[in-house]
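Me: I am new to this structure and would like a close look at a single part. Please pick one helix, walk me along it, and then show me what lies around it.

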Amino acid sequence: MVLAMLLIGVGMVSTVSSRYHGLIDIHRPLGIAVLVLVVIRLINRVCNPGPALPAHLSALERCAAKASQWLLYALMLLLPLEGWGMLSAQRYPIVLAGAVHLPPILPYDPALYALLRRTHT
């Protein structure tokens, strides 16, 4: 799902306007699905730790492995929230499907929208 989101995001940035709306209609609900699944995965990860790293890894390799894993979790959690916040800051409706809309999580602020758009992209 994360790879699909990246490819759809690249497609949204580089496509003509006729395909943009179709891609955004996929990107929004898929982003929320990623957010929900990452929260579930993090809860599972805290309750059921993964297997130990191989004994032959150096301290630096262990640190890099753990840091990259938690960085990936952080990005999978923060990027959907950032997208949701970006749309909220511009008062865009956040449509998941049909009449199902998400509430805004940030107040209307065009400057905040511009900042979040740059960082989300």
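Reply:
**A close look at helix α1**

V13 is found in helix α1. That makes V13 a handy place to start. A word of caution comes before the details: this is a predicted model.

Is V13 buried or exposed? V13 has a relative accessibility of 62%. The cut-off for exposed is over 50%, so V13 counts as exposed. Now look across to P104. V13 and P104 are 91 residues apart in sequence. In space, their C-alpha atoms are 23 Å apart.

Next, take the helix as a whole. Helix α1 covers residues 2–14, which is 13 residues. From its first C-alpha to its last, α1 reaches 18 Å. That is close to the 18 Å expected at 1.5 Å a residue.

Which residues of α1 are buried? They are M5, I8, G9, G11 and M12. Seen down the axis of α1, these buried residues fall within an arc of 160°, so they line one face of the helix. The other side of α1 holds exposed residues: L3, L6, L7, V10, V13 and S14. V13 therefore belongs to that exposed group, with its 62% relative accessibility.

Now turn to helix α2. This helix spans residues 17–47, and I40 is in it. I40 also helps to make a nonpolar surface patch, together with M1, V36 and L37. The patch has an area of about 360 Å².

Helix α3 comes next. It runs over residues 59–89. α3 has 31 residues and reaches 43 Å from its first C-alpha to its last. The expected span at 1.5 Å a residue is 45 Å, and the model comes close to it.

Two residues show what α3 is like in detail. One is R62, which has its place in this helix. R62 is partly exposed, because its relative accessible area is 28%. Leaving aside neighbours within four places in sequence, R62 is in contact with L53, P54, A55 and L57. L115 is another matter. R62 and L115 are 53 residues apart along the chain, and their C-alpha atoms are separated by 35 Å.

The other is E82, which also lies in α3. At 18% relative accessibility, E82 counts as buried. The cut-off for buried is under 20%. What does E82 touch, not counting residues up to four places away in sequence? It touches L116, T119 and H120. E82 and I105 are 23 residues apart in sequence, with 9.9 Å between their C-alpha atoms.

E82 is one of several buried residues in α3. Among the others are Y73, M76 and P80. The list also includes G83, W84, G85, M86, L87, S88 and A89.

Finally, step just past the end of α3. There, R91 takes a positive phi of about 65°. R91 does so although it is not a glycine. Its place is the loop between α3 and β1, a strand at 94–97. R91 is exposed, with a relative accessible area of 63%.

To return to the start: α1 has buried residues lining one face, and exposed residues, V13 among them, on the other side.

Key
Residues numbered from 1 in each chain as written. Predicted model: local features only at pLDDT ≥ 70, side-chain atom pairs only at ≥ 80, totals over all residues. Heavy atoms only, no water. Helix = DSSP H or I, 4+ residues; strand = E, 2+ residues; numbered from the N terminus. Buried < 20%, exposed > 50% of the residue type's maximum accessible area, 1.4 Å probe, protein only. Contact = heavy atoms within 4.5 Å. Expected span 1.5 Å × (residues − 1). Arc of directions from axis to C-beta. Patch = residues over 30% accessible without salt bridge, like charges linked within 9 Å, V, L, I, M, F, W, Y side chains within 5 Å. Areas by Shrake-Rupley, 256 points an atom, 1.4 Å probe, with all protein chains shown as cover. Salt bridge = Lys/Arg side-chain N within 4 Å of Asp/Glu carboxyl O.
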